[in-house]
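Here is a short set of exercises to work through with the model open beside you. Try each task before you read its solution.

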Amino acid sequence: MRSSFLWRNRVLMTSAALLIVSLHLISTGVHPGDLAARPESAFLEIISPVDAAFTRLSDGASSIVTGYLDLLHVREENARLRNELARVKSDRARLAELEVENRHLGELLDLKDVLGANAVAANVIGSDATGLSRTLVLASGSSAGLRPGMAVLANQGVVGKIIAVSPHASRVLLIDDHNSALDGFDQRSRARGIVAGLVDDGLILKYADRSQDIRIGDTIVTSGLDGIFPRGLLVGTIKSVHHGGPGLFLGVRIEPTVDFRQLEQVLIVTQPPPHLDDQAKD
């Protein structure tokens, strides 16, 4: 009878006993070496290597992620620095160009003051692409007051004259073109002639009489008699003088003072030079 009572209530009694034990453990705590602590110690002994490995793996993964994010940041920073460096180089190059351009324009303004004539500066934007003639294209035209026949100068000397204009561009015939001619003279001996271009390149002084004193190294300047170029502008220096051969004139070759391939800015004289008769009256 009694055995039957215990069997029927075995679950309730077991639960009550476990509850009592739990309450006892909670109230008294589990101390190292206690029987109740042994399963936990065994579990910790088993799980600790796994936990350590997981911790190392977690730290490694965290380090990899951190390194990857740092690498991305470094790449972005490098890209930003490269862009900044490129911008600085571009700005520096532009400033250097502006400095050179300002220096050229300043020299042209000095030339304008020396001439005492109305003149405007213009940028060179091109040259003859066909090779049939020696010309330059300027970035200024009739809207800037330019007209055909105006003299074009550089700091080093005479460049040519304008032969065609549009509202915002103009074409210059260089003095070394075979269709070009201007009146000039030897600054030392005052020997006159016509400075003309050659088909194969270079300049000559035409119609220089054999009796005239023209020497290598002499300076040729404009005479002002052609009504285009003001008097006294540099044209070139005598490179060779040929006295032989048929004809009445010397064979005189001139080295231009202007390097036409290096021109970036030029000065256009918009006021015709005074006629020599007018100068005589003054």
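In this predicted model, 27% of the 282 residues of the chain count as buried. Keep that figure in mind as you go.

**Exercise 1. Take stock of the chain.**
Task: Find how many helices and strands the chain has, and what share of its contacts with a separation of 6 or more comes from residues 24 or more positions apart.

Solution:
- Begin with the elements: the chain has four helices and 12 strands.
- Turn to the contacts. Among those with a separation of 6 or more, 57% join residues 24 or more positions apart.
- Finish with the outside: the accessible surface of the chain is about 18200 Å², and carbon and sulfur atoms make up 59% of that.

**Exercise 2. Trace the barrel that contains β3.**
Task: Work out in which order the six strands of this barrel follow one another.

Solution:
- Start at strand β3, residues 151-154. β3 pairs with strand β4 (residues 157-166) in the antiparallel sense, over four bridges.
- Look at the connection: a hairpin of two residues leads from β3 to β4. Within this pairing, A154 has G157 as its bridge partner.
- Now go to the other partner. Three bridges link β3 to strand β12 (residues 265-269), again antiparallel, and here A151 stands opposite V269.
- Move on from β12 to strand β1 (residues 119-127): these two pair in the antiparallel sense over five bridges, with V120 and I268 as bridge partners.
- Put the pieces together: the barrel closes in the order β1-β2-β5-β4-β3-β12, with antiparallel pairing. On average, neighbouring strands in this sheet are turned by 45° against each other, direction ignored.

**Exercise 3. Buried or exposed?**
Task: Decide whether the residues on the two faces of β3 are buried or exposed.

Solution:
- Recall a general point: side chains in a regular strand alternate between the two faces of the sheet.
- Sort the residues by side. A151 and L153 lie on one side of β3, V152 and A154 on the other.
- Check the cover: all four are buried, so both faces of β3 are covered, given that buried means under 20% relative accessible area.
- Follow the contacts of one residue, V159. Leaving out residues up to four places away in sequence, V159 touches V152, L153 and A154, among others.
- Place V159 in the wider picture: the largest nonpolar core has 44 residues, and V159, I214, L263 and I268 touch the most other members.

**Exercise 4. Trace the other barrel.**
Task: Find the strand order of the barrel that contains β6.

Solution:
- Begin with strand β6 (residues 181-186), which pairs with strand β7 (residues 192-197) in the antiparallel sense over five bridges. F185 stands opposite R192 here.
- Continue around: the order is β6-β7-β8-β11-β10-β9, and the pairing is antiparallel. The average turn between neighbouring strands of this sheet is 40°, direction ignored.

**Exercise 5. Classify the aromatic pair.**
Task: Explain why the pair of Y207 and F249 is edge-to-face.

Solution:
- The structure holds one aromatic pair. The ring centres of Y207 and F249 are 5.7 Å apart and the planes stand at 80°, so the pair is edge-to-face; the cut-off for that class is over 60 degrees.
- Locate the partners: Y207 lies in the loop between β8 and β9, and F249 in the loop between β10 and β11, so the pair ties together parts 42 residues apart in sequence.
- Check accessibility: Y207, at 48%, counts as partly exposed, and F249, at 37%, also counts as partly exposed.

Technical notes:
Residues numbered from 1 in each chain as written. Predicted model: local features only at pLDDT ≥ 70, side-chain atom pairs only at ≥ 80, totals over all residues. Heavy atoms only, no water. Buried < 20%, exposed > 50% of the residue type's maximum accessible area, 1.4 Å probe, protein only. Pairing = 2+ DSSP bridges. Axes fitted to C-alpha atoms, helices over the stretch in contact; angles between N-to-C directions. Contact = heavy atoms within 4.5 Å. Areas by Shrake-Rupley, 256 points an atom, 1.4 Å probe, with all protein chains shown as cover. Core = buried A, V, L, I, M, F, W, Y, C linked by side-chain atoms within 4.5 Å. Phe/Tyr/Trp six-rings, centres within 6.5 Å; stacked < 30°, edge-to-face > 60°.
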